[in-house]
Amino acid sequence: MKRASTGVGKLWRNLHKYSSTDTVRDMDKNARPFQDIPGPRGLYNIPFIGAMFLFKPFTKYTVETAHLLYNALVNQYGPLVRVRLGEWVVLVSDVGDMETVMRSEGRYPRRMEPYINVLHCEKYDIPKGVGSLEGEEWHKYRSPLNARMMKIHSAHQYLPVQNEVADDLVAQIKLGKIQKDGALELFFRYACESISVIAYNKRLGYLSPNIENDPSKLQDLKDIQTMFKLMNETLTIPHILLKALPWKAKREYNSAANRIISHATDYYSNTLANIKQRQNDGVVDENNFMMSLLMLDKLSIEEMGSVAFELFSSGTESTARNLQMVLYYLARNPDKQNKLFQEVIETIGPRAPLTTEALGKMKYIFACMKESFRLAYPILSGPQRYIATDIVLQGYRIPAGTSVAMMNQKVAKDEKYFPNPEAFLPERWLRDETGRRMVPIPSSAVLPFGFGPRQCLGRRFAEQEIDLALTKIVQHFQVDLEHGHEDVELRYRIFVGTKHPIRFIFRTRS
Ligand code: HEM
């Protein structure tokens, strides 16, 4: 049954040597048909409504705990599961199979996009962002952004201003601004403020002490959260039903999205005017994300506006929720927190800002983040693709165009690759002088930012913002959890969160 990872290279070569039909024919003449893949049958397979029976009130699962449903399906049916979640989806949890999927994504990889967002863009004729585009159009947007966002140093030029944002986060914690519903709201404001300096080239004031008197900024925050909540809640509604019926969720989503886009357009127009003025004055700043896009002359002003808005909204809940989880594991494991504190002290001392040079030296902080991604997987399952060619997995034929979801969230807890899988052990990600890890980890096992040309565009920025917040927090505080509230249950709202607010205690270091 199991495909050894070493067979993947041969499969990859074969996939490129033959047409998709020949590939399957030559590789495995006896491959069993798609319909035979194990998975729930009967009621669950009824078109459009079958998925409903997998969730509450018919089972204990909700969209927020769908990761537990996927795990239960894999435990029941094995490494390849076919399940009707609106459309047919194949859940893949064998590492060798996952590598095959990664090689079958084609030149212009296709991924599912929250359909409520697609409907909103269509209804109001709003240009789609990079995450919703497909084919050559996607490529046209994505290529100029890659050059500006995906390089390892892309984010570093924003370190000085983002250090200041992280200082404001610390100031807010000192002022006791962690609200009764936990630190997440403050981390969310931090993420909004950090990403605004890239997307809009200026600080917008989400961490300002006066924000409570600024209804328009408070509305921005609420609207982004509403959008993520509704994207999540409508994920399993079949597209045809979501499009045809007058769901309340659609109305709420459209209002929130229209408001935030209108504010974003103002921020963007002001910044653009300012940057154009500087350009006319002869200032050439290729390191400035917005100016460099403008100078490229490839995207229209409207397209640039839509890119800026997408980067802003994508960089909020994502960073905030994952930052919260790393801090949780550090608070839960004081010895690891202390080790990180030592790394920070040895590299930059108790108060200095984070620099490019320091980041290059700080290996433990990276290991803490990666280990947190492993334990609290950032998204429900793992990357999803509509595969571009026919493939055979576990002896079953999967036709081109099928939706395939990788179960990294499950693999990330597999004892084979991660001994003592429930423990927070950043050390497992560190390498010795020869470049080896304690136990080898397959490169496809933990993919928090996805993979290939369609991987997360904001990865460098997200990592930097989390590094910055963690560094400043451990410089200033010893972080603990309230007694009796040490355990958490994971819940997903597109990105990872917890059932109840995490009860952090921030003790100021002397
Ligand atoms: C810890 C924080 C973040 C996590 C865990 C995360 C994760 C992801 C994942 C898993 C994908 C799908 C990748 C794939 O299918 O292979 C994605 C796509 C994307 N992310 Fe992120 N992300 C984060 C932060 C950000 C930030 C800060 C930005 C913006 C600056 C951003 C912008 C995007 C965009 C635009 C896409 C769509 C790319 C495309 O379709 O070409 N993300 N992200």
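For the residues around the ligand, Ala, Val, Leu, Ile, Met, Phe, Trp, Tyr, Cys and Pro are taken as nonpolar, Asp, Glu, Lys and Arg as charged, and the others, Gly among them, as polar. The legends below describe close-up views of a predicted model.

**View 1. The shell around the ligand and the residues that form it.** With those classes, the shell divides into 13 nonpolar, 9 polar and 4 charged residues. There are 26 residues around the ligand, of which Arg-111, Arg-142, Arg-385, Arg-454 and Cys-456 come nearest. Polar side-chain atoms approach oxygen atoms of the ligand from several residues: the distance is 2.6 Å for Arg-111, 2.8 Å for Arg-142 and 2.9 Å for Trp-138. The elements that contribute two or more residues to this shell are helix H6 (135–149), helix H13 (301–314) and helix H14 (317–332), and H14 gives the most, with 3 residues.

**View 2. The iron atom of the ligand and its protein donor.** The iron atom has a single donor from the protein, the SG atom of Cys-456, at 2.3 Å. Cys-456 is placed in the loop between H18 and helix H19 (459–476), and this residue is also listed with the four arginines Arg-111, Arg-142, Arg-385 and Arg-454 as coming nearest to the ligand.

**View 3. Leu-133 and the residues it touches.** Leu-133 lies in the loop between helix H5 (115–124) and H6. Because its relative accessibility is 5%, which falls under the 20% limit, Leu-133 counts as buried. Leaving out residues up to four places away in sequence, Leu-133 touches Lys-128, Trp-138, Tyr-141 and Arg-454. Two of these contacts lead back to the ligand, since Trp-138 places a polar side-chain atom 2.9 Å from a ligand oxygen atom and Arg-454 is listed among the residues nearest to the ligand. Leu-133 and Leu-457 are 324 residues apart in sequence, while their C-alpha atoms are 14 Å apart in space.

**View 4. Helix H17 and the elements that cover it.** Helix H17 (residues 363–375) has 13 residues and reaches 19 Å from its first C-alpha to its last, which is close to the 18 Å expected at 1.5 Å a residue. Of its 13 residues 11 are buried, so H17 is largely enclosed by the rest of the structure. The buried set runs from Tyr-364 and Ile-365 through Ala-367, Cys-368, Met-369, Lys-370, Glu-371, Ser-372, Phe-373 and Arg-374 to Leu-375, and thus includes Lys-370, Glu-371 and Arg-374, residues of the kind counted as charged. What covers the buried residues includes H14, helix H15 (334–348), H19 and E8.

**View 5. Lys-339 of helix H15 beside Tyr-364 of H17.** Lys-339 is found in helix H15 and, at 38% relative accessibility, counts as partly exposed, whereas Tyr-364 is one of the buried residues of H17. The two residues are 25 places apart in sequence, with their C-alpha atoms 8.0 Å apart in space. Not counting residues up to four places away in sequence, Lys-339 touches Tyr-364 and Glu-427.

**View 6. Helix H3, its packing and the glycine that follows it.** At 1.5 Å a residue, the 12 residues of H3 (residues 66–77) should span 16 Å, and its end C-alpha atoms are 16 Å apart, so the two values agree. The buried residues of H3 are Ala-66, His-67, Leu-69, Tyr-70, Asn-71, Leu-73 and Val-74, and they pack against strand E1 (80–85), strand E2 (87–92), helix H18 (408–411) and strand E8 (490–493). Gly-78, which follows H3, has a positive phi near 105 degrees.

**View 7. Backbone features in the loop between H2 and H3.** Pro-57 lies in the loop between helix H2 (20–27) and H3, and the peptide bond that joins Lys-56 to Pro-57 is cis, with omega near 5 degrees. Phe-48 is also placed in the loop between H2 and H3, where its phi is near 70 degrees, a positive value in a residue other than glycine. At 44% relative accessibility, Phe-48 counts as partly exposed.

**View 8. Ile-494 between two strands.** Ile-494 lies in the loop between E8 and strand E9 (495–498). Its phi is near 60 degrees, again a positive value in a residue other than glycine, and Ile-494 is buried, with a relative accessible area of 18%.

How values were computed. Residues numbered from 1 in each chain as written. Predicted model: local features only at pLDDT ≥ 70, side-chain atom pairs only at ≥ 80, totals over all residues. Heavy atoms only, no water. Near = heavy atom within 4 Å. Polar contact = N/O pair within 3.5 Å; in protein donor to acceptor, adjacent residues only side chain to side chain. Helix = DSSP H or I, 4+ residues; strand = E, 2+ residues; numbered from the N terminus. Expected span 1.5 Å × (residues − 1). Buried < 20%, exposed > 50% of the residue type's maximum accessible area, 1.4 Å probe, protein only. Contact = heavy atoms within 4.5 Å. Donors = N, O, S within 2.8 Å, 3.2 Å for Na, K, Ca; no water.
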